[in-house]
Amino acid sequence: MFRRLREDIRSVFERDPAARSSWEVLTCYPGIHAVIFYRMAHACWQSRLFWLGRFISHWGRFLTGIEIHPGATIGRRFFIDHGMGVVIGETAVIGDDVTLYHGVTLGGTSWNKGKRHPTLADGVVVGAGAQVLGPITIGAGAKVGSNAVVIKDVPAGATAVGNPARIIDSEQAHKREEKAGRLGFSAYALASSQDDPLAKAIHGLLDHAVETDRRIELLRARLEEAGGSIEDELAVVGRFDPQYLSKIVD
């Protein structure tokens, strides 16, 4: 158990830049406390001490605001960031290196016994407020956007956003999100099928920026082939005002 705890603490430093010391993580991070309570409750559950397991889980919920059923199966290096309002159901299965943010629900859609909660494969990240419901599978390395409602399987490596969740898997969508990150804001949770005119305007601007970058790279390559260089002149291109997009869509 202590070996697992050390591993959990180390994983926090890889995913939370605010973490400053192991002592701070151990004493001040409710996600770590919730995992400690879960490990104890789950050991009781596996030993068929069901009431004791639920009692320990109940106290963990009271102290951390995170509810993890002792019957859930959770892998190594599991990290809950902030944590308040997280609910993980009895038949949920969580792989290694999974990250959940606050307000996430891994819930069921049926009162029938048996598998009724989601399975999250290794490396999944679930954004704040997302609801992942039913006996579905979120593939390895997939991401679920904030406030998404996922009721169908998500392929490995894909990103699911919206309510109901849709898969963003096109090359253009990934380029758009990359460009958004470089400009100083995130287009995360926006999808091209949305009717919001502001979202459409931002998508158009990002697509234009991606195409402009492609043309500049092509021109630079041709000039270098011809023996010329415009590195100094192009340096100004990287200094983009992230507030500019907000101004032109007001």
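Let's start at Leu49, which is partly exposed, with a relative accessible area of 45%. You'll find Leu49 in the loop between α3 and α4. Keep in mind that this is a predicted model. Leu49 belongs to a nonpolar patch on the surface, together with Trp51, Leu52, Phe55, Trp59, Phe62 and Leu63. Together these residues have about 790 Å² of accessible area.

Now step back along the chain to helix α3, residues 30-46. With 17 residues at 1.5 Å a residue, α3 should span 24 Å, and its end C-alpha atoms are indeed 24 Å apart. Just after α3 comes Arg48, which has a positive phi, near 65°. Much of the interest in α3 is on its buried residues: Gly31, Ile32, Ala34, Val35, Tyr38, Arg39, Ala41, His42, Cys44 and Trp45. What do the buried residues of α3 pack against? Their partners are helices α1 (2-15), α2 (22-28) and α4 (50-64), plus strands β1 (67-68), β2 (73-74) and β3 (79-81).

One of those partners, α1, is worth a look too. This helix has 14 residues and reaches 20 Å from its first C-alpha to its last, close to the 20 Å expected. Its buried residues are Leu5, Glu7, Asp8, Ile9, Ser11 and Val12, and the cover over them includes α2, α3 and β3.

From here, move into the interior. The largest nonpolar core has 31 residues, and those with the most contacts inside it are Ile68, Phe78, Ile88, Leu100, Val126, Ile138 and Val150. α3 gives the most to this core, with three residues. Take Ile68 as a way in: leaving aside neighbours within four places in sequence, Ile68 is in contact with Ala34, Tyr38, Ser57, Ile74, Ile80 and Ile88. There's also a second, separate core of eight residues, with Val12, Ala19, Val25 and Tyr29 among them.

Further along the chain sits Ala130, in the loop between β9 (125-126) and β10 (131-133). Is Ala130 buried or exposed? Ala130 counts as buried because its relative accessible area is 0%. Not counting residues up to four places away in sequence, Ala130 touches Gly103, Val104, Thr105, Val144, Gly145, Asn147 and Ala148. His102 is 28 residues from Ala130 in sequence, with 8.8 Å between their C-alpha atoms.

Finally, the charged side chains. The whole structure has 11 salt bridges. One of them joins Asp97 and Arg15, at 4.0 Å from N to O. That pair links distant parts of the chain, 82 residues apart: Asp97 is in the loop between β5 (93-94) and β6 (99-101), and Arg15 is in helix α1. Asp97 is partly exposed, at 31% relative accessible area.

Arg61 and Glu67 form another salt bridge, with their closest N and O atoms 2.8 Å apart. Both ends are partly exposed: Arg61 has a relative accessible area of 41%, and Glu67 comes in at 29%.

Then there's Arg215 with Glu211, whose side chains meet at 3.1 Å, N to O. Why are Arg215 and Glu211 separated by about one helical turn? Because they are four residues apart in helix α6 (residues 197-225). An α-helix has 3.6 residues a turn, so residues three or four places apart point the same way. Arg215 is exposed at 53%, whereas Glu211 is partly exposed at 29%. Elsewhere, salt bridges that share partners join Glu7, Arg15, Arg76, Arg77 and Asp97 into one network.

Technical notes: Residues numbered from 1 in each chain as written. Predicted model: local features only at pLDDT ≥ 70, side-chain atom pairs only at ≥ 80, totals over all residues. Heavy atoms only, no water. Helix = DSSP H or I, 4+ residues; strand = E, 2+ residues; numbered from the N terminus. Expected span 1.5 Å × (residues − 1). Buried < 20%, exposed > 50% of the residue type's maximum accessible area, 1.4 Å probe, protein only. Contact = heavy atoms within 4.5 Å. Core = buried A, V, L, I, M, F, W, Y, C linked by side-chain atoms within 4.5 Å. Patch = residues over 30% accessible without salt bridge, like charges linked within 9 Å, V, L, I, M, F, W, Y side chains within 5 Å. Areas by Shrake-Rupley, 256 points an atom, 1.4 Å probe, with all protein chains shown as cover.
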